[in-house]
Structure formats: C-alpha cells, structure tokens
Amino acid sequence: MKIPDPVRPARTILRDGFECPRVTLEDMDRNLRTLPEPTVTGSPREGRGRATAALISVCLGFFVIQLDVTIVNVALPAIQLQIGGSLAGLQWVVDAYTLALASIMLTAGSTADRVGARKIFTFGLAAFAIGSAACAAAPALGVLVAARAVQGLGASAMLPCSLALLVHQFPDPRARARALGVWGGMGSLGVALGPVAGGVLVTVAGWRSIFLVNVPICLLTIVLLRRYATESPRNPDRRADVPGLLLGVTMLAALTASFITAGEQGWLAPLPGALLAAALVAGSLFVRAERRHPHPLLPLTLFRSRELSGATGVGMIFNLVLYGTLLCLSFYLQQARHSSVLATGLLLLPSSVFVGAGSLASGRLTARLGPRPPMIAGLTLAAAGTALLATAGTSTPLALIVAGSLLIGLISLAMPAMTAAVVGATGPEHAGVASGVLNAARQSGGALGVAVLGSLLGRGHALSLHVPLLVATAGYLVAIALAWTTIRDH
C-alpha cells in the first residue's frame with residue numbers, strides 16, 4: 001500500500017498513525033464537491049457520485065470509531081451509578097475496547113490483504129453495531145465489558161481497512177489527497193465531539209444512548225459501502241499468524257489485568273503478581289513465535305531501526321499517559337468536584353479542539369523542521385499540563401483545570417511527527433506495516449495507561465489527581481528523552 005510522502009506540509013498531515021492530507025473542517029464540504037473523477041466505468045457524473053458515496057461510507061465508519069474513543073469516559077460515573085461496579089470494573093469498560101482494538105489490528109490488516117478490504121470493513125461495521133446494541137442493553141457490568149470487546153473487534157477490522165479502501169477508490173494522487181483530507185477531518189471531528197456528545201446524550205437520554213446512536217450509523221454505512229465502494233485487490237498467498245495473535249492477546253490482557261487488580265487488591269497481592277508472570281511468559285513465547293513465522297504478526301526485523309523503535313516507544317507512552325489522564329480527569333471532575341456529566345464534557349472540549357489544531361500545525365512543522373522538534377514540543381507542553389493538573393484539588397479554580405487540559409491537548413503536535421519518523425525510518429515500501437505497528441503500540445499503551453493511572457487514582461473521598469498525574473508527567477519526560485536520543489533531524 002503506497003502512502004503519500006509524510007513530510008509535505010502543503011499536502012499532508014498525519015493522524016493517529018495514518019497519513020492524511022492537511023484539512024480544516026471548513027474545507028470538508030468543498031473537498032467533497034471538488035473531487036476529480038476516479039477511474040470507474042460509466043459516465044463521469046456517475047463516477048464522481050459513486051466515488052463521493054464510497055468516501056462518505058468510509059468516513060462514517062472512521063468517524064464512529066474515533067467518537068467512541070472519547071465519548072465513553074464522561075459516561076463512566078453514570079454507568080456505575082445505574083448498574084454498579086468498582087473503579088476496576090469501569091477501567092475494563094474502557095480497556096476491553098482498547099485491548100481488542102490493539103490485539104486484532106495487525107491481523108485484520110493482513111486478513112484484508114487476503115480477502116479484500118471492503119469485506120473486512122463490512123464485517124467490522126456489523127460487529128461494531130452488534131457490540132453497540134449489546135452495550136446499550138447490558139444489564140450488568142460484566143455484559144457491558146464483553147460487549148465493549150465486540151465493539152473493539154469491529155473497530156480493529158475497520159481502522160486499517162478504511163485507508164486501504166480510500167487508496168483503492170481514488171487512484172489519482174490529487175483525488176486521493178482530497179479524499180484523505182475529508183477522512184482525516186471526520187476523524188478529528190469524532191474525537192472533538194466525543195466529550196460534548198457524551199455529556200449531552202447522557203444528560204438527555206441516559207448513558208445507554210451513547211452506544212445506541214452507533215447502530216443506525218453502522219447500518220447506513222453498510223448499505224452505502226456495499227452499493228458504492230469497490231473491493232480492493234487481494235493477496236491470497238499471505239498466511240495468518242494465529243500463534244502470534246493468541247499469544248499477543250494473552251500477553252496484553254494479562255499485563256493490563258495485573259495493573260487493574262493491583263489497584264484494587266494492592267500491589268503485593270498474589271493475583272497481580274501471577275498475572276504479571278503470565279504476561280512475561282506469554283511475551284517471551286510471542287517473541288519466539290514471531291521469529292519463526294514466515295508472515296509474522298509483528299515483524300521484529302523492523303525494530304533493528306533505532307529511529308522506528310524510538311518513535312514506537314514514544315507512541316506507546318503517548319497513549320499510555322493520554323488515555324489514563326482522560327480517565328482520571330473525568331472521575332475527578334464528576335466525583336471529586338461534583339460536576340455534571342454535561343459540564344464535564346464541556347470542560348474537556350477545549351482540549352479536544354486543541355488536539356485537532358495541534359495536528360494541523362504539526363504537519364507543517366514536521367516538513368520544515370523534521371519530526372524531532374514537533375515531537376519534543378508536544379511532549380513538553382503535555383508534561384507541563386499534567387504537572388499543572390497534578391496540583392489540583394477540590395477547590396482549585398476551573399481556569400487552572402482548563403489551562404492544564406489545553407496544554408495536554410497540544411500533545412497532538414507529536415502525533416504526525418512520530419508517524420513521519422516511523423515511515424521515514426522504514427521507507428515507503430514498508431509504510432503500511434510500520435504504521436500498523438505504531439497504531440498497535442499506541443493502542444496497547446492506551447490500555448495500559450487506563451490500568452496504571454486508574455489504579456493510582458484512589459477511591460471515594462481519597463480520589464486525587466496528585467499521584468497519577470505525577471506519574472504521567474514522568475512518563476512524558478521519559479518520552480522526551482527517548483525522542484531526543486533516537487529521532488534524527490531531517
């Protein structure tokens with residue numbers, strides 16, 4: 001899969017490990033109207049209409065994935081109030097989705113190469129819709145966690161296939177650039193709308209509505225995709241890495257569970273230690289299996305590149321700290337400060353907006369200065385934000401909370417830059433695999449961040465941001481050092 005040069009600011013930014021053209025939300029409608037004609041049969045007008053409908057279907061799927069990244073956090077206290085559950089159980093509501101997304105993503109990409117991206121994308125939409133409906137109907141926390149894992153399975157199938165489908169639908173580079181601009185804008189819009197949409201839906205219709213709203217979107221997308229999008233080329237010779245998949249899932253699940261149970265039972269309890277030992281054994285067997293498999297899930301030879309290893313490590317820390325911080329902020333605002341769910345969403349909105357603004361700025365900065373300066377700038381600003389929020393108590397002015405969250409939002413300066421570093425380290429011929437590795441590392445980090453920082457948050461009246469956000473600040477400092485020592489200036 002060939003992806004445009006990631007270091008051209010006038011044409012591209014990089015978003016969530018994938019490359020997509022620089023775009024503002026105001027450009028999206030114009031881009032839809034000005035897409036050049038793709039290579040399809042039929043009249044030019046019919047070809048343009050089919051291409052636009054295919055683009056809409058792919059973007060709707062990408063939008064709903066990104067929306068669910070941020071919409072759930074603000075609803076967790078309302079979920080706990082209605083169906084019960086401990087903080088550890090609520091952490092699994094977030095991590096079941098993220099773990100499934102991280103564990104299956106690379107397998108989904110290789111499966112799409114074998115059987116076709118449209119088929120796997122359609123399967124992902126159906127699984128996401130079923131999982132969302134099950135979440136909305138969940139009578140107990142355990143059912144909700146299982147349904148969230150089904151959602152994550154669907155998202156893992158959709159995420160790598162969305163880019164593959166767009167590349168296939170628009171073979172002309174200029175048409176592809178505009179299409180990817182709309183795609184990237186829809187993803188940013190989903191992330192930005194998540195906290196506010198979650199706050200409004202929970203306030204007006206209850207927490208179940210944040211899942212139920214996904215179902216009609218997925219059904220509409222399936223209809224549009226089946227009617228207008230053409231299937232991508234297939235490579236039936238590529239084999240699946242089943243041992244790698246099973247061992248990778250076991251390793252990530254055991255490691256995440258060890259941190260969550262440590263927060264609930266204590267760090268010296270026997271169960272967290274046993275889970276950590278199981279994770280280490282599974283990790284060792286995973287490395288051995290990947291070295292022997294002809295088509296490994298995770299090509300370990302890629303990590304011979306110091307720059308790729310460094311950027312992947314930064315990506316893992318990036319999501320570990322960010323996802324964990326968002327979870328802690330949501331609980332702090334609603335339980336320690338007694339803010340409503342709608343007020344919480346509105347307080348987190350500026351940070352989401354800054355995420356989009358930072359992504360747009362980073363593409364240009366990366367092209368002009370290379371990936372290292374934007375990465376270090378974003379990580380430094382986020383470290384300052386978490387350090388500021390680590391001082392917050394129940395009587396801290398809201399202006400300080402907003403200021404800290406805005407600084408954290410500027411972590412997005414590092415997102416396109418880290419992907420540019422990964423693609424630059426491997427070359428265009430391995431851009432797809434490298435981007436997939438970075439995405440899997442980031443999602444794995446997100447699952448661990450919810451587990452680690454959530455376990456340090458405290459309980460009830462003892463709930464405090466001090467310890468988890470001091471740990472988050474230390475994580476950012478480690479990422480800064482890693483970026484400084486491994487990422488080259490270009």
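Let me begin with Arg148, which at 2% relative accessibility counts as buried. The model I am showing today is a predicted one, and I would like to walk through it by following a few residues and the elements that hold them.

Arg148 has a partner, because its side chain and that of Asp68 meet in a salt bridge, with 3.5 Å from N to O, and both ends fall under the 20% cut-off for buried residues, Asp68 having a relative accessible area of 1%. A search of the whole structure finds one salt bridge, and this is the pair in question. Asp68 lies in helix α2, residues 44–71, while Arg148 lies in helix α6, residues 141–169, so the pair ties together parts that are 80 residues apart in sequence.

Let me turn from charges to rings. How many aromatic pairs does the count come to? By the rule used here the count comes to two. In one of them, the rings of Tyr97 and Phe128 have their centres 6.5 Å apart and their planes at 75°, so this pair is edge-to-face. Tyr97 belongs to helix α4, which covers residues 87–115, and Phe128 to helix α5, which covers residues 117–137, so the pair ties together parts that are 31 residues apart in sequence. Both rings belong to buried residues, since Tyr97 has 3% relative accessibility and Phe128 has a relative accessible area of 0%.

The other pair is formed by Trp207 and Phe211, whose ring centres are 6.2 Å apart and whose planes stand at 85°, so this pair is edge-to-face as well. Trp207 counts as buried at 2% relative accessibility, and Phe211 counts as buried at 0%. While we are on rings, I would also point you to Trp484, because the charged end of Arg372 sits over its ring, 4.6 Å from the centre, and a charge is taken to sit over a ring within 6 Å of the ring centre and within 35 degrees of the ring normal.

Next come two loop residues, and I will ask of each of them whether it is buried or exposed. His338 is in the loop between α12, residues 306–336, and α13, residues 341–369, and with a relative accessible area of 66% it is exposed. Its backbone deserves a pause, since His338 has a positive phi of about 60° although it is not a glycine. As background, most residues other than glycine have a negative phi. Thr396, for its part, is placed in the loop between α14, residues 372–389, and α15, residues 398–409, and with a relative accessible area of 11% it is buried. Setting aside residues up to four places away in sequence, Thr396 touches Tyr332, Arg337, Thr391 and Ile401.

Now for the empty spaces, of which the structure holds two cavities of 30 Å³ or more. The largest cavity has a volume of about 390 Å³, and of the 27 residues that line it, the closest to its centre are Val69, Thr70, Val191, Leu322 and Tyr323. Which helices supply at least two residues each to this lining? They are α2, α7 (residues 173–205), α12, α13 and α17 (residues 431–455), and the largest share, five residues, comes from α12.

There is also the second largest pocket, in which about 510 Å³ of space lies. It is lined by 26 residues, and the closest to its centre are Met251, Phe286, Leu298, Met316 and Ser444. Here α4, α10 (residues 242–265), α11 (residues 270–292), α12 and α17 each supply at least two residues of the lining, and α10 gives the most, with seven residues.

Since α17 supplies at least two residues to the lining of the largest cavity and at least two to that of the second largest pocket, I will finish with one residue of this helix, namely Leu448. Leu448 is buried, with a relative accessible area of 9%, and, leaving aside its neighbours within four places in sequence, it is in contact with Leu255, Thr256, Phe259 and Leu320. Finally, if you look from Leu448 towards Asn319, the two are 129 residues apart in sequence and 8.8 Å apart in space, C-alpha to C-alpha.

Definitions and conventions
Residues numbered from 1 in each chain as written. Predicted model: local features only at pLDDT ≥ 70, side-chain atom pairs only at ≥ 80, totals over all residues. Heavy atoms only, no water. Phe/Tyr/Trp six-rings, centres within 6.5 Å; stacked < 30°, edge-to-face > 60°. Helix = DSSP H or I, 4+ residues; strand = E, 2+ residues; numbered from the N terminus. Buried < 20%, exposed > 50% of the residue type's maximum accessible area, 1.4 Å probe, protein only. Contact = heavy atoms within 4.5 Å. Salt bridge = Lys/Arg side-chain N within 4 Å of Asp/Glu carboxyl O. 1 Å grid on protein atoms, 1.4 Å probe; cavity = no way out; pocket = protein on both sides within 12 Å on 5 of 7 lines; lining within 4 Å. Points joined across faces, edges and corners; volume = space filled by probe spheres on them.
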